[in-house]
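Please open the model in your viewer and keep the selection panel at hand. The tour below moves from one selection to the next and says what is found at each stop.

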Amino acid sequence: MGLVSAKEMLTKAKAGKYAVGQFNINNLEWTKAILLTAQELNSPVILGVSEGAGKYMGGYKTVVGMVKGLIEEQNITVPVALHLDHGSFEGAKKCINAGFSSVMFDGSHYPIDENVAKTTELVNACNVLGISIEAEVGAIGGEEDGVVGNGECADPAECKRIADLGVTMLAAGIGNIHGKYPENWPGLSFETLDAVQAQTGDMPLVLHGGTGIPADMIKKAISLGVAKINVNTECQLSFAEATRKYIEEGKDLQGKGFDPRKLLAPGFEAIKATVKEKMELFGSVGKA
């Protein structure tokens with residue numbers, strides 16, 4: 001199976017009261033680990049790519065080629081969507097042209113009328129090509145790859161305006177943030193989430209900043225319409241910690257430095273473990 005739109009997997013997830021995980025990728029090892037874990041657990045999966053990560057990996061066409069090659073060579077048969085994460089208007093158009101099967105346009109920092117206008121143009125393009133599209137209302141807090149938000153709670157009426165444009169999924173700020181959550185974080189605003197779902201009906205909702213949110217909050221968010229949950233920081237932390245331990249233990253030196261394949265192997269396994277834990281929490285295991 002090649003790349004697919006995220007629409008069908010998210011429609012099924014919302015109806016089935018579980019969520020599909022979006023796991024951001026930064027290199028071949030991360031991508032391979034996520035795909036193999038999804039296949040092992042028979043779970044649909046979304047590979048997220050920020051604009052910065054796309055540039056780092058050599059460009060969007062390079063990313064598409066890498067992902068498609070892994071899907072074929074590793075015999076991945078579960079549904080896989082390749083998704084631009086927090087994309088700009090121009091970035092979304094570039095990813096559409098490069099062969100991504102899903103894009104996010106983050107217009108949350110624009111006035112609502114401009115957000116609507118830009119989202120409308122991208123929806124029209126995605127509909128023609130069968131690509132899923134995510135929009136955002138209410139900026140997500142924290143910073144991710146240079147995209148900064150203040151952790152706003154979205155206006156349900158504005159969410160309806162964007163949802164009515166025909167987007168596939170909607171990211172609504174409900175007090176969630178990127179990165180680690182501070183000790184004084186007040187938690188998710190389920191009142192906001194409930195109000196957003198009341199305005200948007202069957203549309204799958206997206207929860208960004210999935211790292212560090214307590215399991216009971218995750219499950220409650222899913223019960224209130226969240227069908228896609230993004231995880232990035234937790235994978236970064238587990239990969240870095242596993243690699244650090246390997247280096248500190250001084251393995252594989254032998255006067256020649258580290259074999260890069262051996263150096264990255266502990267991080268590869270750490271990513272697999274993190275993804276498995278999240279897929280089990282989200283309830284997507286066996287749902288491919």
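Begin by selecting Phe89, Phe105 and Tyr110, which form one aromatic cluster; rings of Phe, Tyr and Trp (its six-membered ring) pair if their centres lie within 6.5 Å, and planes under 30 degrees apart count as stacked, over 60 as edge-to-face and the rest as tilted. Before going further, note that this is a predicted model, in which local features need pLDDT of at least 70 and side-chain atom pairs count only at pLDDT 80 or more, while totals for chains, interfaces and linings use all residues. Residues are numbered from 1 along each chain as its sequence is written, and side-chain values use heavy atoms, with hydrogens and water left out.

Stay with the cluster and add lysine 118, which lies over the face of phenylalanine 89 at 5.3 Å from the ring centre; the charged end of lysine 118 also sits over the ring of tyrosine 110, 5.2 Å from its centre. Here a charge sits over a ring if NZ of Lys or CZ of Arg is within 6 Å of the ring centre and within 35 degrees of the ring normal.

By the ring-centre rule there are four aromatic pairs. Select tyrosine 60 and phenylalanine 100 for one of them, an edge-to-face pair with 5.7 Å centre to centre and 90° between the planes. This pair links distant parts of the chain, 40 residues apart, with tyrosine 60 in helix 4 (residues 60–73) and phenylalanine 100 in the loop between helix 5 (89–98) and strand 4 (102–105); helices (H or I, at least four residues) and strands (E, at least two) are DSSP runs, numbered from the N terminus. Tyrosine 60 is buried, at a relative accessible area of 14%, and phenylalanine 100 is buried too, at 2%, where buried means under 20% relative accessible area, exposed over 50% and partly exposed in between (1.4 Å probe, protein chains only).

Now show what surrounds phenylalanine 100: leaving aside neighbours within four places in sequence, its contacts (heavy atoms within 4.5 Å) include Val49, Val63, Leu82 and Ile131.

Finally, select strand 8 (residues 169–172), whose two faces are both covered, with Met169 and Ala171 buried on one side and Leu170 and Ala172 buried on the other. Strand 8 pairs in the parallel sense with strand 5 (residues 132–137) over four bridges, where pairing requires that DSSP finds at least two bridges between the strands, and glutamate 136 stands opposite alanine 171.
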